[in-house]
Structures are given as structure tokens and as C-alpha cells.
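Here's a quick briefing to read alongside the structure. Keep the 3D view open and look for each piece as it comes up.

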Amino acid sequence: MPKWFRPAAVVCFLMLVVSPVLIANAPFESTMGLVQKIFYYHMPSAAVFLFSALLCGYASVRFLVSRDSRHDRLAWAAAEVLVLFGAITLVTGPLWARKAWGVWWQWDVRLTSSLMGWMIGVAYLLVRKYGGPGADKLAAGLALFGMANVPFIYISVNYWRTIHPTTNVVPSLPLSMGVPFLFCFAAFLLLFVLLLKLRLRLEEHRARVDELYLALEDR
Amino acid sequence: MTKRLVLIACFLVMVLAPAAGAGQPPRPQQQDEFVPVSELPPQEQLPSPPLVITAYAFAWLAIGGYVLSLARRLTVVQHELERLEADTRRGR
């Protein structure tokens with residue numbers, strides 16, 4: 001592991017431990033009250049979910065063009081992180097919505113396209129696990145759809161009538177809410193980098209194991 | 001004969017149905033105005049703390065579970081790698 005990994009992991013852990021204290025001390029939103037505090041984990045996890053989908057798609061394009069397995073490994077690692085943070089987003093969102101909107105789920109554009117993006121990530125992992133030979137290219141194709149879906153998820157709330165708040169919420173946050181939000185956002189970004197690095201290392205080890213098996217068979 | 005019986009039955013239903021309806025309790029007045037969530041009666045209001053706690057608990061458990069799963073898989077592969085490297089060295 002690189003030298004920065006351990007200190008960064010400690011910092012990330014401490015940030016995640018401190019984050020509930022900052023969130024608890026943040027002021028209550030006037031109309032939603034306590035339940036709005038789900039936002040401090042919901043929005044950063046959604047952002048990381050979208051970053052992962054973009055990274056997975058980008059690495060897949062590089063892999064399809066160059067056939068370099070390093071890009072394929074990066075895409076696989078990003079897909080797993082995508083599914084993790086997508087699950088957090090899709091679980092914390094309805095818990096918030098039940099109180100704020102009165103329903104667990106609404107088939108509006110933002111929610112439906114996010115669910116689709118997450119299902120593409122799950123499909124990617126299933127193809128990689130059970131797809132057999134050629135699954136890497138098939139999964140890379142899937143990742144392209146996942147990447148194309150990201151701008152659609154992001155702008156959907158601004159272009160269609162939807163129950164979900166628009167993208168103007170974060171820039172308009174007061175400082176007392178903005179500081180805990182940015183803190184959580186930084187913690188989730190750091191967590192994203194660390195998990196990606198760890199998952200990438202697993203794939204590198206697996207590739208090395210395969211190489212050694214082949215080398216032993218050739219003797 | 002049968003036709004006459006059917007006609008009598010229809011007549012009785014038409015005459016008696018409103019009378020039977022009149023015996024029922026009056027329907028509650030329908031709500032035709034928007035009611036803010038904060039003004040709902042207590043039995044209709046959903047408490048926030050369980051939702052917030054569930055959301056944060058899920059996030060922590062999902063992240064923790066994933067880290068543990070990664071650590072376990074890394075340990076398995078690391079052991080396999082060490083074993084294979086030892087085999088390769090012995091084979092030289």
C-alpha cells in the first residue's frame with residue numbers, strides 16, 4: 001500500500017466518527033425538522049455514487065479502446081463502490097421522503113433514473129461474476145450506459161417537474177448547515193478514494209495470482 | 001310468472017335501498033383543503049428519530065460491512081499469492 005494510505009484511513013475514520021457530532025449541532029431545517037439531517041449523509045453518498053458511475057464508464061471506455069487490463073480493474077473497483085454508495089443513497093432517500101413527502105417512493109425522474117443507475121452497477125457486477133469469457137467487454141458496454149445516465153440523473157430535477165429538490169439546494173445552504181455538509185462531503189470523498197484503492201489492490205493481487213498459476217502450469 | 005317476480009324484486013330494492021342507507025351513520029365530511037404536515041393529528045404524524053437513526057445506522061453498517069468484506073477477500077488473496085510465490089521460488 002502507498003505511504004499515504006494509512007494516515008488517510010485514520011483521518012477518514014476520525015472524520016466519520018466526528019461527523020454525527022457536527023450534524024447533531026447543525027440547526028434544524030424550518031419545515032422538515034429533524035428528518036432533514038439525513039441530508040448530510042444522503043447527498044455525499046449520492047455524489048460518490050455518481051462519481052463512481054462516471055469513473056467506471058471512463059475506465060471502461062479506456063479498456064475497450066486500449067484493451068489494457070489496468071483500466072478494466074479500475075472499472076470493476078469503481079462498479080463495486082458505485083453499488084455500495086448507490087445502496088446508501090437509495091435507502092436513506094426513502095427514509096427521508098417518508099416523513100418529508102409522505103411516501104417512501106415516487107416514480108419521478110430523479111428517483112427512477114438513480115435506481116436505474118444503481119441497477120446498471122449491480123448488472124455490471126453480476127456480469128463480471130457469472131458472465132464467463134468475454135464478460136469484461138460486455139460489462140464495459142454496460143458501464144457506458146451507466147456513465148451516460150449520470151448527467152441525466154443530475155439535471156433531471158431542473159428540467160422535469162419532480163418532487164425531489166433541485167440542484168440549487170447545496171449552493172444556497174447557510175454556513176451553519178454548509179460546514180457540516182462540506183465536512184461530510186470531504187469524508188465521503190476520502191472514503192471513496194480509500195475504498196477504491198483497496199478494491200483496486202484486491203484486483204491487482206488477483207491478476208498476479210492468475211499470472212503465477214499460468215506460469216506454474218507452463219512448466 | 002318469473003318475469004313478474006323479478007320486477008317485484010327490482011321494485012323492492014329500489015324502494016328499500018334508500019331507506020336502508022338512511023339507517024347508516026352519516027359519512028364523515030371529506031377533507032377538501034391542504035393540511036400542512038405539522039398540523040396533522042398526533043396519530044397521523046410519523047416520528048423522525050427512528051427514520052434518522054435507521055438512515056445513519058444503515059450507512060455505517062453498509063460501509064463497515066463492505067470494509068470487512070474487502071479485508072477478508074484481501075487476506076485470502078494475499079495468502080494465496082504468498083503460497084504461489086513460495087511455490088514458484090521452490091520450483092526454480
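Let's start with one residue: Ala47(A) sits in helix H2 of chain A, which covers residues 39–66. Keep in mind that this is a predicted model. From that starting point, we'll look at the helix, then the core, then a pair of crossing helices, and finally the place where the chains touch.

**Ala47(A) and its helix**

- Is Ala47(A) buried or exposed? The answer is partly exposed, because 18 other C-beta atoms lie within 10 Å, while counting as buried takes 20 or more.
- If you hop from Ala47(A) to Val11(A), you move 36 residues along the chain, and their C-alpha atoms are 20 Å apart.
- H2(A) as a whole is largely enclosed by the rest of the structure, because 20 of its 28 residues are buried.
- How far apart are the end C-alpha atoms of H2(A)? They are 40 Å apart, which agrees with the 40 Å that its 28 residues should span at 1.5 Å a residue.
- Just after H2(A) comes Arg67(A), which has a positive phi of about 60°.

**The nonpolar core**

- The largest nonpolar core has 60 residues, and Cys56(A), Ala75(A), Ala78(A), Ala79(A), Leu82(A) and Ala143(A) have the most contacts inside it.
- Both chains chip in: among the elements giving two or more residues to this core are H1, H2 and H3 of chain A, along with helix H2 (48–91) of chain B.
- Which helix gives the most to this core? That's H3(A), with 17 residues.
- Take a look around Leu82(A) too: leaving out residues up to four places away in sequence, Leu82(A) touches Phe49(A), Ser52(A), Ala53(A), Cys56(A) and Gly121(A).

**Two crossing helices**

- Helix H1 (residues 5–25) and helix H6 (residues 175–218), both of chain A, have axes that come within 9 Å and cross at roughly 145°.
- The crossing of H1(A) and H6(A) is left-handed.
- On the H1(A) side, the contact includes Phe5(A), Val11(A), Met15(A) and Leu22(A), and on the H6(A) side it includes Pro180(A), Phe183(A), Leu190(A) and Lys197(A).
- What kinds of residue make up the contact of H1(A) with H6(A)? There are 17 nonpolar residues, one polar and one charged.

**Where the chains meet**

- How many residues does each chain put into the contact? Chain A gives 31 residues and chain B gives 25.
- The side of chain B that touches chain A has 16 nonpolar, five polar and four charged residues.

Key:
Residues numbered from 1 in each chain as written. Chains lettered and ligands numbered in written order. Predicted model: local features only at pLDDT ≥ 70, side-chain atom pairs only at ≥ 80, totals over all residues. Axes fitted to C-alpha atoms, helices over the stretch in contact; angles between N-to-C directions. Helix = DSSP H or I, 4+ residues; strand = E, 2+ residues; numbered from the N terminus. Left-handed = near helix turned anticlockwise from the far one by under 90°. Contact = placed C-beta atoms within 7 Å. Nonpolar A, V, L, I, M, F, W, Y, C, P; charged D, E, K, R; others polar. Buried ≥ 20, exposed ≤ 12 C-beta atoms within 10 Å, placed from the backbone. Core = buried A, V, L, I, M, F, W, Y, C linked by C-beta atoms within 7 Å. Expected span 1.5 Å × (residues − 1).
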